[in-house]
Amino acid sequence: MSTVYLDPIDVCGCGDEGYLTTRTVPVDLIHGVGQVHKVPVYHCRSSLCPEYTLPLEVSRRLDELAEDMEAKQLLETGFSWPGEEEKTQPQSQIPHIQSKTVASSNSLVQAFTLQFAHREYEDVRVILVVPGVAVFFQSTSDEAEHYLLRFEPEARQQGFWFSLFKFYRDDSSLNLISVLEDGSGEYMKELGVLVLEEVDDSLIDEFGEILL
């Protein structure tokens, strides 16, 4: 069974609009209270909100994982769909875009990138979202200054990881997809590697508060 498609936006447990993200969810087991990590949930993105909503397909899968945890006497496990396998084949630092299209099949990463559409921070605004692959930002004070948040499906660490790059695009005719393919932006510099759960806070630290 392949990864189930989940809608990018639904309702948070608090009643506000919820965006697809992941978190650790407790589960009741015969031998105690267990934890399932990296569970897809809908959350409003407020750091003060403890509520969330489980998609129906995820709730059903949690029941299956709980049964497996009880059979194996486990108290912790990571969320996965049946038959899902991690891809760990290494690639070059900035691989060709064709290798990135595999990310589009991952509904969680696709939904996470889509939530950036039309977003503006104090210092940058989003100018292009490639669903499941990357988000491009442009500085509001220097039109040549750009940033690239790129999904890294080949990362060997547990979870979903993104790289954040800074580059300059003095020539407005330079295609942003070419930057994604071969790093053709000037002075391409990697600013950091972030796990999905850290991306929102890290972007606020880097670019200021979200305006839109």
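1. Helix H1, residues 56-72, lies across three strands: E2, E3 and E4. Its direction is at about 160 degrees to that of E3, which covers residues 32-43. The model is predicted, and the points below should be read with that in mind.

2. The strands under discussion belong to an open sheet of four, in the order E1-E2-E3-E4. The pairing in this sheet is mixed. Its edges are E1 (9-11) and E4 (76-78), each of which pairs on one side only. On average, and with direction ignored, neighbouring strands of the sheet are turned by 35 degrees against each other.

3. Strands of a sheet pair through hydrogen bonds of the backbone, in a parallel or an antiparallel way. How do E1 and E2 run? They are antiparallel, and three bridges join them. Strand E2 spans residues 17-29. One residue pair can be checked directly: Val 11 has Glu 17 in E2 as its bridge partner.

4. Beyond this sheet, the chain as a whole holds nine strands and five helices. Read from the N terminus, the order of elements is β-β-β-α-β-α-α-β-β-β-β-α-β-α.

5. How much of the chain is buried? Of its 212 residues, 42% count as buried. The exposed surface of the chain comes to about 11,200 Å², with 47% of it supplied by carbon and sulfur atoms.

6. A last point concerns contacts along the sequence. Among contacts in the chain with a separation of 6 or more, 54% come from residues 24 or more positions apart.

Terms used:
Residues numbered from 1 in each chain as written. Predicted model: local features only at pLDDT ≥ 70, side-chain atom pairs only at ≥ 80, totals over all residues. Heavy atoms only, no water. Pairing = 2+ DSSP bridges. Helix = DSSP H or I, 4+ residues; strand = E, 2+ residues; numbered from the N terminus. Axes fitted to C-alpha atoms, helices over the stretch in contact; angles between N-to-C directions. Contact = heavy atoms within 4.5 Å. Buried < 20%, exposed > 50% of the residue type's maximum accessible area, 1.4 Å probe, protein only. Areas by Shrake-Rupley, 256 points an atom, 1.4 Å probe, with all protein chains shown as cover.
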